[in-house]
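Walk me through this model, starting with its internal space and moving on to its charged contacts, its loops and its surface.

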Amino acid sequence: MKRLWNRYASASLILKITIALILGVAAGLLMGEQAAVFAPLGDLLIRLLTFLIIPLILFTLIVGVNQTTIGNLGRMGGKVFIYYTLSSAAAIMVGLAVASLFQPGQGMSLGGNETFDVPDNPGIVSVLLNIVPSNIASAFTEMNLLGIIFTALTFGIAISVLRSSSKMNELGDHLLKTVTALNEAALIILKGILQYVPVGVFAIMAKTVGSQGVHTLVELGGMIGVLYAALLAQIVLYTVAMLLFKINPLTFFKHARTPIVTAFVTQSSAGTLPLSLKAAKDLKLPRSLYGFSLPLGATINMDGAAIRIAVSAVFAANIANTPLSLTDMLMVVLVGTLASIGTAGVPGAGIVMIATVFVQLGLPVEAVALLTSIDALIGMGATALNVTGDLVGTALISKTEEHKGHIKDEGEGEWQA
């Protein structure tokens, strides 16, 4: 048993995940809804990954803040926010272009039985207010990523001030060493969790395929196909951007593939965050950047969700036999970009966002009922793109910071072209 375990532990993680994906699809097709028996194993994977989110964000960001200056952090933060906003807008435009080309939903109509209650959307103002939690405990217990980021930044800056103080620098150094040790301990725990990832991937895929079935793919296959074509087009756009910034796409995807595949299966940008942080470290990106950009991206940068908005809007307009005008498309870009920023990185949140956009644009909300039947299938691809966009953005911003001369905590790596 020990020899067998050693062989399993030493095997390539992506190979194990790929095998788990194939076996999960096969089990789902063979067992149908009975594949739900594997659900607890998948739930355990999501719990394990979620378990590490808070310590990784908190410790990584505090350490990252203390590896650069406040001025550098502010400049990088501005670049991150601008990139995420422009990236979401670009993703919506890509989605609209692809959807307008293939016109999903043409020939379909609402049967009259579809109903859907629009969930409450907190709105942009509420999202911005949540950046400052009412208390630290609530930020942690409610998994408020923006609140956790604010807490980490606040304490990180405070420790930095202590270290620069002539009277309390020793105390600040001790605090930083303790947080650094805790961060390394969290990474050791992550290494152990990685060994369980293939088991959880198998269970989630088996349950998803078993519950959705082949008939769902056939009924709404056109919509699914158009959405994945748009996702692929966005990946091509990422690749072009990386080449322009002299980043080797092959090396990038080699390190990024594990969080991308895991996001595809779990449908959770936030849940995949520990793996994204590890991928950024493997890419030798500066911790002072990715410790901030990736947790923030898991909350507000939703390129995949933005594409879902665009494709779903064209789909609903075609079903209602009211094709989108140019003005409508511009409104989709504006409203969709704002809505995607407020979308939580958890399974099912995309449906809430789409329903909100439909109400704003006067599209038939009943069409959301059709989309819920394939929510898992399109959510998988959208979430994978969300995570990809976060890592691509971090890599691009890192390149723009190299000439500043302060990126020294991780150094240059093989990800460069």
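The second largest cavity holds about 60 Å³ of space. A cavity here is a set of points on a 1 Å grid over the protein atoms alone where a 1.4 Å probe fits but cannot get out. Points are joined across faces, edges and corners, and the volume is the space filled by probe spheres set on them. Searching the whole structure gives 3 cavities of 30 Å³ or more.

The model is predicted: local features need pLDDT of at least 70, side-chain atom pairs count only at pLDDT 80 or more, and totals for chains, interfaces and linings use all residues. Residues are numbered from 1 along each chain as its sequence is written, and side-chain values use heavy atoms, with hydrogens and water left out.

Which residues line the second largest cavity? They are Thr60, Asn183, Leu187, Leu277, Lys281, Arg287 and Tyr290, where a lining residue has an atom within 4 Å of a point. The elements that contribute two or more residues to this lining are α8 (169–194), α12 (273–282) and α13 (287–300). Helices are DSSP runs (H or I, at least four residues), numbered from the N terminus. By class, the lining has 3 nonpolar, 2 polar and 2 charged residues. In this scheme Ala, Val, Leu, Ile, Met, Phe, Trp, Tyr, Cys and Pro are nonpolar, Asp, Glu, Lys and Arg are charged, and the others, Gly among them, are polar.

Now the charged contacts. The model has 4 salt bridges, each a side-chain nitrogen of Lys or Arg within 4 Å of a carboxyl oxygen of Asp or Glu. One of them pairs Arg75 with Glu401 at 2.9 Å, N to O. Arg75 sits in helix α4 (residues 70–102) and Glu401 in helix α18 (residues 375–401), so this pair ties together parts 326 residues apart in sequence. Lys79 also meets Glu401 in a salt bridge, at 2.6 Å, N to O. Here too distant parts of the chain are linked: Lys79 is in helix α4, Glu401 in helix α18, and they are 322 residues apart. Arg75, Lys79 and Glu401 are thus linked in a network of salt bridges.

Is Glu401 buried or exposed? Glu401 is buried, with a relative accessible area of 0%. The cut-offs are under 20% relative accessible area for buried, over 50% for exposed, and partly exposed in between (1.4 Å probe, protein chains only). Both basic partners get the middle label: Arg75 is partly exposed at 27%, and Lys79 is partly exposed at 25%.

A further salt bridge stays within one helix. Lys278 pairs with Asp282, and their closest N and O atoms are 3.0 Å apart. The two are 4 residues apart in helix α12, so about one helical turn separates them. Lys278 is partly exposed at 27% relative accessibility. Asp282 is partly exposed at 31%.

Next, the backbone. Lys246 has a phi near 60°, a positive value in a residue other than glycine. Lys246 is in the loop between α10 (221–244) and α11 (249–266). Gln267 also has a positive phi, near 60°, and is not glycine. Its place is the loop between α11 and α12. The surroundings of the two can be compared by label: Lys246 is exposed, at 59% relative accessible area, whereas Gln267 is buried, at 15%.

The surface comes next. Leu232, Val236, Val240, Leu244 and Phe245 form a nonpolar patch with about 480 Å² of accessible area together. Patches are made of residues with over 30% relative accessible area and no salt bridge; nonpolar side chains (Val, Leu, Ile, Met, Phe, Trp, Tyr) are joined within 5 Å, like charges within 9 Å. Accessible areas come from the Shrake-Rupley method with a 1.4 Å probe, and for residues only the protein chains shown count as cover. Leu232 lies in helix α10 and is exposed, with a relative accessible area of 53%.

Finally, two C-alpha pairs. Gly32 and Val209 are 177 residues apart in sequence but 7.5 Å apart in space, C-alpha to C-alpha. Gly32 lies in the loop between α2 (13–31) and α3 (39–65) and is partly exposed, at 22%. Ala158 and Gly172 are 14 residues apart along the chain, with 8.7 Å between their C-alpha atoms. Ala158 belongs to helix α7 (residues 145–164) and is partly exposed, at 37%.

Terms used:
On a 1 Å grid over the protein atoms alone, a cavity is a set of points where a 1.4 Å probe fits but cannot get out, and a pocket is an open set with protein on both sides within 12 Å along at least five of seven lines; lining residues have an atom within 4 Å of a point.
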